[in-house]
Amino acid sequence: MIYLDHNATSPLRPEALAAVTRASAIGGNPSSVHAQGRAARAVVEDAREAVAKLAGARAQDVIFTSGGTEANALALYGAVYGALEAEARITRIFVSAIEHPAVLANAAAIAERIAGVRTAEIPVTADGIVDVEALRVMLREGKGRTLVCVMAANNETGVIQPLDQIAKHVRDAGALLLVDAVQTAGKIPLAFDADYLVISGHKIGALEGTGALIVKEGAPLSPLVSGGGQERGKRGGTQNLAGIASFGAAAAVAASRADIPRQTGLRDRFESEIARRWPEAVVFGAKAPRLGNTSNFAIPGVTAETAMMALDLDGICVSSGAACSSGKVHASHVLKAMGLSDEIAGGALRASFGWNSESSDVDAVLASLDKLVSRARSRVAA
Ligand code: PLP
């Protein structure tokens, strides 16, 4: 198999697998006071240090969750309820148009369920960058305390968002900032001033079902799950020891970003070959700063549906940028927000490279694309 879908999940790193094996052998509860409990606790706290380092945060601000989705939900609900308890109500949630459903769906659910909270969409430019000026105006207009949600980089296009500028406007307005850094951790430095920062383990080569919310000191946060006081009372329940151990090990490797230039080299060669073979091909977000591992592209005349099937038959795993429901392929909300037509966005394919990608993977995908483009075009000609 040729696996170029690291933005969906990045296979378990060997270091993470070794940590799982070690942690699973402990057989103690991190909350127990006896020796085995203390050994388990040490694993959790070491992992917390490693995740904090990856995030550029303090260990005590890291709350382990079951993944990026739960961490985003905890940040959104936790901020709204926490602010309510502190009598500093959040009445507006501004959400960028290109957020992951983990943010979009939870923000929408909050507005539906909690009286007095409404959401508004922050538009993006044709390059897939959040429109900072539009956000500035939105923050200035209207009243009420605001939670702003902007991801650090988009999962489909890899476009990196101008969080320094965004954070400044958020601070000036006295608002709060939630940054979903699920795709960004371990790829670029997370050097911005967020109140809530979200990371997911399986995107950096840890087990699925691990994630973290990092909360800045003083930011409101009510727990969603109360229990035995774990995670400083912010997320009850016995910790997922093996998962957290794998998260810590993966974070320690990812933090150096040592492999990123190599992955960027693979992606760049892939894109220059695409441009050479099919000059009419489009790379979405190509003019914006992008993560070095992500390529989201379309070759006119080739639908994502057909391409996905042909690549799959050749043992190649990539993603389609389009969602298929009731037999009809719809363009992704991200590409639509960038103003792209259904026709071009309906051909969007995403190849995302990672720690185990090799140069031969690039050749294999190109060879498979060569075959399928010729086939698609000869069908049209006939
Ligand atoms: N946020 C972004 C940007 C993502 O890409 C994903 C996963 O695709 C998530 C959140 C959800 O993370 P998890 O799969 O850990 O729940």
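The chain I am presenting today has 12 helices and 15 strands. Its radius of gyration is 22 Å, close to the 21 Å that the globule rule gives for 382 residues, so the chain is as compact as a globular protein of that length. Please keep in mind that this is a predicted model.

A few more overall values. Taken along the principal axes, the C-alpha atoms fill a box of roughly 70 × 55 × 35 Å. Of the 382 residues, 55% are buried. The accessible surface comes to about 15,700 Å², and carbon and sulfur atoms account for 55% of that surface. If we take contacts between residues at least 6 apart in sequence, 73% of them join residues at least 24 apart. On charges, there are 38 positive and 39 negative ones, and their mean positions are 2 Å apart.

Next, the salt bridges. The structure holds 23 of them, and I will go through some.

Let me start with R58 and E217. Their side chains meet in a salt bridge, at 3.6 Å from N to O. Which parts of the chain does this pair tie together? R58 sits in the loop between α2 (35-55) and β2 (62-65), while E217 sits in the loop between β8 (211-215) and α7 (241-254), so the bridge ties together parts that are 159 residues apart in sequence. The two partners also have their accessibility computed. R58 has a relative accessible area of 35%, so it is partly exposed. E217 is at 62%, which is over the 50% cut-off, so E217 counts as exposed.

The second pair is E70 and R235, where the closest N and O atoms are 2.8 Å apart. This pair also links distant parts of the chain: E70 is in helix α3, residues 68-85, and R235 is in the loop between β8 and α7, 165 residues apart. Is R235 buried or exposed? Its relative accessibility is 19%, so R235 counts as buried. The cut-off for buried is under 20%.

The third pair is local. E133 and R136 form a salt bridge with the closest N and O atoms 2.7 Å apart. Both residues lie in helix α5, residues 132-140, and they are three residues apart, about one turn of the helix. E133 is partly exposed at 43% relative accessible area, and R136 is partly exposed at 29%.

There is also a network of salt bridges, and it links R41, E45, R48 and E231.

Staying with the loop between β8 and α7, Q230 lies there too. At 11% relative accessibility, Q230 counts as buried. What does Q230 touch, leaving aside its neighbours within four places in sequence? The contacts are S31, R235, G236, G237, T238 and Q239. One of those, R235, is the residue that forms the salt bridge with E70.

Now three individual residues, each in a helix or strand.

V282 lies in strand β9, residues 282-283. V282 has a relative accessible area of 28%, so it is partly exposed. Not counting residues up to four places away in sequence, V282 touches N296, F297, A298 and I344. For A298, the C-alpha to C-alpha distance to V282 is 5.3 Å, with their positions 16 residues apart in sequence.

A337 lies in helix α10, residues 333-337. A337 is partly exposed, with a relative accessible area of 25%. Leaving aside neighbours within four places in sequence, A337 is in contact with A97, I98 and V124. How far apart in space are A337 and A255? Their C-alpha atoms are 32 Å apart, and the two residues are 82 apart in sequence.

Last is S359, in helix α12, residues 359-381. With a relative accessible area of 36%, S359 is partly exposed. S359 touches L266 and R269, not counting residues up to four places away in sequence. As for A79, S359 is 280 residues from it in sequence and 44 Å from it in space, C-alpha to C-alpha.

To recap the salt bridges: R58 with E217 ties together parts 159 residues apart, E70 with R235 links parts 165 residues apart, and E133 with R136 stays within helix α5. That is what I have for today.

Definitions and conventions
Residues numbered from 1 in each chain as written. Predicted model: local features only at pLDDT ≥ 70, side-chain atom pairs only at ≥ 80, totals over all residues. Heavy atoms only, no water. Helix = DSSP H or I, 4+ residues; strand = E, 2+ residues; numbered from the N terminus. Rg over C-alpha atoms; globule rule 2.2 N^0.38 Å. Buried < 20%, exposed > 50% of the residue type's maximum accessible area, 1.4 Å probe, protein only. Contact = heavy atoms within 4.5 Å. Areas by Shrake-Rupley, 256 points an atom, 1.4 Å probe, with all protein chains shown as cover. Lys, Arg positive; Asp, Glu negative; His and termini not counted. Charge placed at Lys NZ, Arg CZ, Asp CG, Glu CD. Salt bridge = Lys/Arg side-chain N within 4 Å of Asp/Glu carboxyl O.
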